[in-house]
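The exercises below are to be worked with the sequence and the model open side by side. Each task is followed by a solution in steps.

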Amino acid sequence: MVAETLEGAMKQNTMFDIHKIRKDFPILSRTVNGKPLVYLDNGATAQKPQSVIDVLTHYYTHQNSNIHRGVHTLSREITIAYEEARKTIQLHINAKQPGEIIFTKGTTESINLVAHCFGNLAVSEGDEIIITQMEHHSNIVPWQQLCKEKKAILKYIPINEAGELVLDELPKLLSSKTKLVAFTHISNTLGTINPVKEMIATIRSLSKAAILIDGAQAVPHLKPNVQDLACDFYVFSGHKLFGPTGVGVLYAKEEWLAKFGPYQTGGGTIKTVTLEKTEFADGPLKFEAGTPHIEGGIGLAAAIDYVNAIGFDVIQKHEEALMTYAAEKLSAIDNIRIYGSSKHKTSVIAFNVIGIHPFDVGTLLDKYGIAVRSGHHCTQPLCQFYNIPGTIRASFAFYNTMEEIDLFIEALKKSIKLLS
Ligand code: PLP
């Protein structure tokens with residue numbers, strides 16, 4: 001049934017030839033411990049297609065120079081390429097203008113930037129910020145720190161046993177003191193897809209709070225439309241979207257960027273500097289201090305071009321089939337507990353083998369060439385809710401196959417036998 005669904009999905013779009021796609025990712029043909037690599041740690045970071053690797057090689061072979069301040073050919077060429085990359089990202093997420101795209105190091109830095117700039121602009125003693133119990137530490141700690149600094153109050157939307165947000169609580173948490181609500185689009189530990197549009201509608205109807213969406217786990221699986229969402233901030237990392245590490249994005253509505261003071265300062269952020277004072281640049285450059293991750297920016301644009309050429313509709317169908325198949329196979333094994341049973345869930349299965357530590361299972365799986373993640377996945381409050389030290393997390397990307405899931409299940413059964 002599942003294979004039929006997959007086959008159907010593949011037939012519908014001739015672009016989606018899984019074997020051809022896998023050839024685009026050189027790392028997928030390597031072996032680990034003498035076994036073919038089965039890479040199911042895509043939630044941590046995704047593999048890179050040859051087109052992205054080629055962009056990076058081409059940059060260092062033919063284009064390397066610094067951007068924005070040079071008059072020579074190399075500098076002008078790469079400045080154009082970098083600003084084109086900003087535009088590619090703008091169009092991909094449907095921001096109003098390229099100036100609303102700020103290049104950062106990744107999701108974590110994007111959130112820190114907003115916490116710093118928004119915090120200085122709009123948060124005072126007694127104000128409130130709301131996040132959720134399922135957030136990644138990167139969307140908890142900056143808000144905790146800000147609240148500590150400003151003597152503001154941090155509130156949490158709770159989760160239920162199914163790993164969904166208890167949204168009945170949201171109206172009760174909102175008040176005239178709420179300055180910002182930040183939440184993940186997709187949970188990195190559970191795969192739950194949060195009803196972000198519905199949440200935004202509730203927040204807008206009951207408060208004037210700004211809204212930040214952590215899209216780190218969403219962008220490999222869907223194409224966010226920030227104007228349709230009408231969020232204030234949307235953040236993600238390049239490396240989870242099949243692009244380079246060390247580069248990420250902060251989408252911020254232009255009206256916020258115009259009001260924000262600088263984040264880090266120095267070269268690149270300024271209009272004029274005298275010995276007495278500095279006048280800062282307008283737009284995104286004000287927030288991009290120092291020489292940026294130039295090749296990261298153009299590499300991320302190449303990754304976006306790559307996934308768009310496949311198409312998110314077929315990516316989603318394939319990933320849905322993988323998830324259903326893996327969940328069925330996993331549930332058939334004795335003593336497995338799967339965490340997160342939301343109907344709206346994608347590409348992540350977190351589980352434990354009752355009585356066995358997740359690290360032991362993960363370590364043995366590696367002997368069979370299976371790469372999964374074991375631990376708290378930077379969501380300790382979520383693990384505290386389930387009263388567990390962590391989970392084993394298998395996370396899928398569009399280049400994974402049913403055969404890989406079979407290998408994973410086979411290796412898991414052998415590991416359990418050895419550990420029992
Ligand atoms: N938010 C979520 C939901 C994540 O899954 C991650 C990384 O796993 C992050 C934030 C942090 O991303 P980065 O380490 O790329 O900054």
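A residue counts as buried under 20% relative accessible area, as exposed over 50%, and as partly exposed in between. The model used here is predicted.

**Exercise 1. Classify Lys177 as buried, partly exposed or exposed, and describe its surroundings.**

Step 1. Locate the residue: Lys177 sits in the loop that joins helix H7 (170-173) to strand E7 (178-184).

Step 2. Take its relative accessible area, which is 44%. Because this value falls between the cut-offs of 20% and 50%, Lys177 is partly exposed.

Step 3. List its contacts, leaving out residues up to four places away in sequence: Lys177 touches Gly126, Asp127 and Glu128.

Step 4. Compare sequence and space for the pair Lys177 and His377. They are 200 residues apart in sequence, and their C-alpha atoms are 32 Å apart.

**Exercise 2. For Lys151 and Asn387, give the phi angle, the location and the exposure class.**

Step 1. Begin with Lys151. Its phi is near 55°, a positive value in a residue other than glycine.

Step 2. Place Lys151 in the fold: the loop between helix H6 (141-150) and strand E6 (153-157) holds this residue.

Step 3. Lys151 has a relative accessible area of 55%, so it is exposed.

Step 4. Turn to Asn387. Here phi is near 60°, again positive in a residue other than glycine.

Step 5. Asn387 belongs to the loop between helix H14 (380-386) and strand E17 (391-395).

Step 6. With a relative accessible area of 70%, which is over 50%, Asn387 is therefore exposed.

**Exercise 3. Describe the shell of residues around the ligand and its polar contacts.**

Step 1. Name the shell. The residues around the ligand are Thr107, Thr108, His136, Ser138, Thr184, Asn188, Asp214, Ala216, Gln217, Ser237, His239 and Lys240.

Step 2. Sort them by class: one is nonpolar, nine are polar and two are charged.

Step 3. Find the contacts to ligand oxygen. An N or O atom in the side chain of Thr108 is 2.6 Å from an oxygen atom of the ligand. For His239, a polar side-chain atom lies 2.7 Å from an oxygen atom of the ligand.

Step 4. Find the contact to ligand nitrogen. A nitrogen atom of the ligand is 2.5 Å from an N or O atom in the side chain of Asp214.

Step 5. How much of the ligand's area does the protein bury? Taken alone, the ligand exposes 390 Å², and the protein buries 84% of that.

Terms used
Residues numbered from 1 in each chain as written. Predicted model: local features only at pLDDT ≥ 70, side-chain atom pairs only at ≥ 80, totals over all residues. Heavy atoms only, no water. Near = heavy atom within 4 Å. Polar contact = N/O pair within 3.5 Å; in protein donor to acceptor, adjacent residues only side chain to side chain. Areas by Shrake-Rupley, 256 points an atom, 1.4 Å probe, with all protein chains shown as cover. Nonpolar A, V, L, I, M, F, W, Y, C, P; charged D, E, K, R; others polar. Helix = DSSP H or I, 4+ residues; strand = E, 2+ residues; numbered from the N terminus. Buried < 20%, exposed > 50% of the residue type's maximum accessible area, 1.4 Å probe, protein only. Contact = heavy atoms within 4.5 Å.
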